[in-house]
Amino acid sequence: MRRGRDQRQQELQQLLLEQPLLTDEEIAARLRVSVATIRLDRLQLAIPEWRERVRQSIDEASVTVRALQVSELVGELLDLQLNRSGLSILESTAEMAFSHTQIIRSHVIYAMAESLALAIIDAEVALVGVASIRYRSPALAGERLVAKGDLIEDRGSSKIIHVRVSVQQREVFRGKFLLELIR
């Protein structure tokens, strides 16, 4: 059964509400239509292209990060709610990967997760006291990594942040960081 344009456009809007960082290609694959159809639907609905949606997310996330400089963050910060949660993306490159397998080096993924965890904390100085990490699946050069972090426990002078890094909907890394606040 074929769905109509109105239904498809509603599905497109709902999908972007839930996952605003999907590319036209990813949306087309999920809705089982052509990329050209998605672009036309976006134009009709006045939904900006992927790069503009990313820029808007970055502008909305312009909260002051205290525990590290924004330039020290591995990836681009898209959303940040201090002492609550954060979201960042990283466009991986061949330089981040092993040349013979194109698998992203583990320290790159760890650095992305650690820097997001530090950004979430509203403190001048914080250090990782303990990290419990698990690599779930390899990420390849050229893939977009999305890191989502959440404060799960506040112990006053230490905080526990849980970070998950995914490629599309596939989890590639998960980590729990005990951050010690230095006063």
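1. In this predicted model, helix H5 lies across six strands, namely E1, E2 (85–91), E3, E4, E5 and E6. With respect to E3, the helix runs at about 135 degrees.

2. The strands form an open sheet of 6 strands with antiparallel pairing, in the order E1-E2-E4-E5-E6-E3. At its edges stand E1 and E3 (125–135), each of which pairs on one side only. On average, neighbouring strands of this sheet are turned by 20 degrees against each other, direction ignored.

3. Within the sheet, E4 and E5 run antiparallel and are joined by 9 bridges. Leu145 has Val167 of E5 as its bridge partner.

4. In soluble globular proteins, nonpolar side chains tend to be buried together. The largest nonpolar core of this model has 31 residues, of which Leu145, Val163 and Val165 touch the most other members. At least two residues of this core come from each of E1 (76–81), H5 (106–120), E4 (144–154), E5 (158–167) and E6 (170–182). The greatest contribution to this core is that of H5, with 9 residues.

5. Which residues does Leu145 touch, not counting residues up to four places away in sequence? They are Ser88, Ile89, Leu90, Ser92, Ile109, Met112, Ala139, Val165, Ser166 and Val167. Val167 is thus listed among the contacts of Leu145 and is also its bridge partner in E5.

6. Another core lies apart from the largest one. This other core has 9 residues, including Leu15, Leu16, Ile27 and Ala28.

Note on methods: Residues numbered from 1 in each chain as written. Predicted model: local features only at pLDDT ≥ 70, side-chain atom pairs only at ≥ 80, totals over all residues. Heavy atoms only, no water. Core = buried A, V, L, I, M, F, W, Y, C linked by side-chain atoms within 4.5 Å. Buried < 20%, exposed > 50% of the residue type's maximum accessible area, 1.4 Å probe, protein only. Helix = DSSP H or I, 4+ residues; strand = E, 2+ residues; numbered from the N terminus. Contact = heavy atoms within 4.5 Å. Pairing = 2+ DSSP bridges. Axes fitted to C-alpha atoms, helices over the stretch in contact; angles between N-to-C directions.
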